[in-house]
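Visitor: I would like to go through this model with you one question at a time, and to hear the reasoning behind each answer.

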Amino acid sequence: MRSTVWAGRDAQKIFPELAPVAHFGYLGVELFFLISGFVILMSAWGRRPGDFAVSRVVRIYPAYWFSVLLGLVLFLTTGAAVPYGPDDPDPVGRVLPNLTMLQEGIGVKPLEVVYWTLWVELHFYVLVALLAWRGITYNRCVTFMVSWLLLGAYAHEAGNAFLEKALFPTMAPYFIGGMAFYLIHRYGPNLVLGLVIGACWALGVHYGVQGISGLNAWPGVHEWVVPTVVTALYLIMALVATRRLAWLSWRGFTILGALTYPLYLLHEMVARAIVKQFFPHPILDRLTILPVITVAVLLAAYLVHRLVEVPLQALMRPRLKAALAQIRRDGAPASAPRPLRGPVRRRPPGTRPPRPRLLPCGGPRRSGRRGLRGPRGPRCSNLVAVGPVRCSTSRWSERCVMLGAEQRRWLAALVAGVLLLAGCAETGTGGRGKGGGKNASAAPSERAKKPNIVYVLTDDLSWDLVDYMPNVKRLQRRGLTFSNYFVADTLCCPSRATILTGKYPHNTGVLSNDPPFGGFDVFNAKGNEQSTFAAALQKAGYRTALMGKYLNGYEPTKAQGSSRTYIPPGWSEWQVTGLGYANYNYNLNGNGTLTHYGRKPGDYLNTVLGAKATDFVNRSADSGQPFLLQMSTFTPHAPATPAPEDGRSFANVRAPRPPGFNEPDISDKPGWLRKYPRLRPRRLKEIDAAFRQRVRAVQSVDRMIGQLEAAVNARGAGADTYFVFNSDNGYHLGQHRLREGKLTAYDTDIRVPLVVAGPGVPAGRTEARFAQNTDICPTFQELAGLRPPDSVDGRSLVPLLHGQQVNGWRSTAFIEHRGPNYAHDDPDLPRKYGGNPPTYEAVRTAGELYVEYENGDREYYDLARDPHELGNMWGQAPASRKAELRSVITSYRTCGGPNCRDL
């Protein structure tokens, strides 16, 4: 066998020991295609064809162009880069066709032998792009794969050259097998997918044995070597798909993966140049030259990746995306197309024009929707029609795409077989295009019976940060803002326990972050996990996901009597860590598998969670189930670490200075606060720096909200999804001489943002009636069509969300807090002069704040006259009003269920 690398010499004679094994090197191509099926489907998921095309062009062309041009340079300078030997016809004349990567399609030889696989890849890209045209879903993918296998077999049987060229039956089993493995990775094992993989494996073994048999390599041995290697490849992919290799988390794999493509493009070219110049050589014999070639190829691949791929991709990606956006914008029709004949049919408000679909001409046609018949038309050739209209051969340019007879037959066979069988004619499957866009809406018949809920719960986010969050501001413009939403405790774990269950801290038993009075262990031991809104919604058919923070004291490695890491009941998807406050260096429990993330920019927690949340939205849309997604961030809790791109932003921002900032006179305040010193210039700079960090940190949360809105709209679910933005407690910075902290009963700490947008919610409205974090759980349950249990202490906010008249709504909010906090391992341990009050109970009305401390101190503020809580008027308050407020707190202190809701 003459080698293109060894200057036409017989490689078997140069390396007789390696020749039998080297014959099987072609099986690496099969592995390449198997991985490609996995990766390409993953990259196409959730994208439109244009976006998928941009991603592929940016990925494959920069290194390829460089490879083609480098081959030309090496040929001109050394004469070494001629893959087909000295008889190779003019490689210079083949450069331009090769730069397009379409050379094989037009009968031009590639400049490198290995380029043939790229032509096969392009076929796969086209097929996947056609699938993406209608939206990639689970069921469509399965039907697409089965259709491809069957049509490939049919093409081989019929001997049809067009279908064999388009479908590549000998390579298809590897692509299809990779796609099936990705679906297992995404959705879990399934018998149908197992059968598809089994068929692909069997065909892969058959075609592999066929490919090697003509080489007479290892006679009598290759019949079992090929099946063994192919089986090993499939088994490795099965381990990857089922996440059994998740423990292999070495970051070097990412670098090696990035080098794979340039390595493949350059390896023969670089080897030929080295052999041409240095073989045979007194120092480099047949064995020592192999490591030299290996090192040179690896170095060349690394340099091409760093110096060519990375900068060119950064240059091309935004420009191609902008060009694509301009085409979509400028090419959008000004109005819906009119039928060729008959009167114009006006669509009812809120409906959409029908999608293009393949239809046969002539005879009665059935629409894909409920058997409605379209009009009859003259018999004509296969066409692409828009809507149930009459085909007119004389005006085909307006409504029909007419093709040549031969091309038309095979295009119909290919597209109708692979696309129509894949579900392109189906309706109402949650594919792309239904209700997408920012203001998407759905007709009543198309709207899901149960809405989706995206709940973004932040940590220590105060109202003064909202002005720096454009996506939250947009959410306010399209939804309802609760101006009087209060938390029942200003500490993380008690507040989150109340949110999950709808019960005050004295009913959940979670009064602090740590045992014996609180934390995850107490929440779990008291049976609260059985009564969360997640447990209720999961039983009602929802896919539920919690990503980020759960409860203080939750450790991802705790087994709770199981061999797996612990996942509480009620959650279908679990991506949670215990100590993610720094947003780096954490262990993430991903559905029972621990993954460590370090200090690299891509490890930033909110970035990781945003990607996983988008994936969850896409998978939920494919499943057809409604979903609840709770994004529970550690941001902006101290140390308020910003994302890498936000670390230098907002350089001139400083903390707000309301009238209560660095309060001049606090002699009327309770004993725990009364002796706090004035804030000196150094402390004021620290407060400004802390506020600046908080502003920077919430940018990643704000982007996450925009990312999730875009993901939901892209799947046509925007009109059926509620977005809820919230915080577990507020935060003070300088008010009343307090440094950083949150444990007080002042409005800075107890009054936090609650913004809701979604179906039936009036846009741009503010709701002044009182709401508490006890209301989140029953609200989510009613949105899901459930009746909240009587055991919850809160009330559903759904009537307020939909603008309904409600009589007898609450006029007070109850706050209870256990203190002071001296736990040194508690992330909420207050700093000196940060505010660490003793145990208290408080009631907030529309115009008053009343606080009872365990040590006998009292605070009373007339908020109508003193909204910044500067003057404690407890001594001047009427005795009758004092008695009423004491009575309210006494009633709240032991209330439960209806008794709480009636206060």
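Visitor: Is Asp459 buried or exposed?
Guide: This is a predicted model, and the answer rests on a computed accessibility, for which buried means under 20% relative accessible area. Asp459 has a relative accessibility of 0%, and because that falls under the cut-off it counts as buried.

Visitor: Which residue forms a salt bridge with Asp459, and how far apart are the closest N and O atoms?
Guide: The partner lies in a distant part of the chain, 90 residues apart from Asp459: Asp459 is in the loop between β5 (452-458) and α16 (470-477), and its partner is in the loop between β8 (543-548) and β9 (573-576). That partner is buried as well, with a relative accessible area of 2%. The salt bridge is formed with Lys549, and the closest N and O atoms are 2.7 Å apart.

Visitor: Where in the chain do Asp728 and Arg496 lie, and how many residues apart are they?
Guide: The side chains of these two residues meet in a salt bridge, at 3.0 Å from N to O. Asp728 is placed in the loop between β13 (721-727) and β14 (732-733), whereas Arg496 belongs to helix α17 (residues 492-501), so the pair links distant parts of the chain, 232 residues apart.

Visitor: Are Asp728 and Arg496 buried or exposed?
Guide: The cut-off for buried is under 20% relative accessible area. Asp728 has 0%, and Arg496 has 2%. Because both values fall under the cut-off, Asp728 and Arg496 are buried.

Visitor: Which residues are joined into one network by salt bridges that share partners?
Guide: Lys549 forms a salt bridge with Asp459, and Asp728 forms one with Arg496. Salt bridges that share partners bring these residues together, and the network consists of Asp459, Arg496, Lys549 and Asp728.

Visitor: In the salt bridge of Arg893 and Glu841, which residue is partly exposed and which is buried?
Guide: The two side chains meet at 2.7 Å from N to O, and they link helix α27 (residues 879-893), which holds Arg893, to strand β20 (residues 840-845), which holds Glu841. Buried means under 20% relative accessible area and exposed over 50%, with partly exposed in between. At 15% Glu841 therefore counts as buried, while at 31% the partly exposed residue is Arg893.

Visitor: Why can strand β12 be called largely enclosed by the rest of the structure?
Guide: Phe627, Leu629 and Met631 point one way from β12, and Leu628, Gln630 and Ser632 point the other way. In a regular strand the side chains alternate between the two faces of the sheet. Strand β12 (residues 627-632) is largely enclosed because the number of its residues that are buried is 6 of 6.

Visitor: Which strands run parallel to β12, and over how many bridges?
Guide: On β5, Val454 stands opposite Leu629 of β12, and on β8, Gly548 has Ser632 of β12 as its bridge partner. Both pairings are in the parallel sense: β5 is joined to β12 by 5 bridges, and β8 pairs with β12 over 6 bridges.

Visitor: Which backbone nitrogen does the side chain of Thr532 reach?
Guide: Thr532 lies in the loop between α19 (520-525) and α20 (533-539), and because its relative accessibility is 4%, Thr532 counts as buried. Leaving aside residues up to four places away in sequence, Thr532 touches Leu500, Thr501 and Phe523. At 3.2 Å, its side chain reaches the backbone nitrogen of Ala535.

Visitor: What span should helix α9 have, and how far apart are its end C-alpha atoms?
Guide: Helix α9 is mostly covered, with 14 of its 16 residues buried, and just after it Gly188 takes a positive phi of about 100°. At 1.5 Å a residue, the 16 residues of α9 (residues 172-187) should span 22 Å, which agrees with the distance between the end C-alpha atoms, 22 Å.

Visitor: Which cysteines does the disulfide join?
Guide: The count comes to 1 disulfide, with an S to S distance of 2.0 Å. The link is right-handed, with 95° about the S-S bond, and both of its cysteines are buried. The two residues joined are Cys895 and Cys900.

Key:
Residues are numbered from 1 along each chain as its sequence is written. This is a predicted model: local features need pLDDT of at least 70, side-chain atom pairs count only at pLDDT 80 or more; totals for chains, interfaces and linings use all residues. Side-chain values use heavy atoms; hydrogens and water are left out. Helices (H or I, at least four residues) and strands (E, at least two) are DSSP runs, numbered from the N terminus. The expected span of a helix is 1.5 Å times one less than its number of residues. Buried means under 20% relative accessible area, exposed over 50%, partly exposed in between (1.4 Å probe, protein chains only). A salt bridge is a side-chain nitrogen of Lys or Arg within 4 Å of a carboxyl oxygen of Asp or Glu. A polar contact is a pair of N or O atoms within 3.5 Å; within protein, one must be able to donate a hydrogen and the other to accept it, and residues adjacent in sequence count only if both atoms are side-chain atoms. Contact means heavy atoms within 4.5 Å. Two strands pair if DSSP finds at least two bridges between them. A disulfide is a pair of cysteine sulfur atoms within 2.5 Å.
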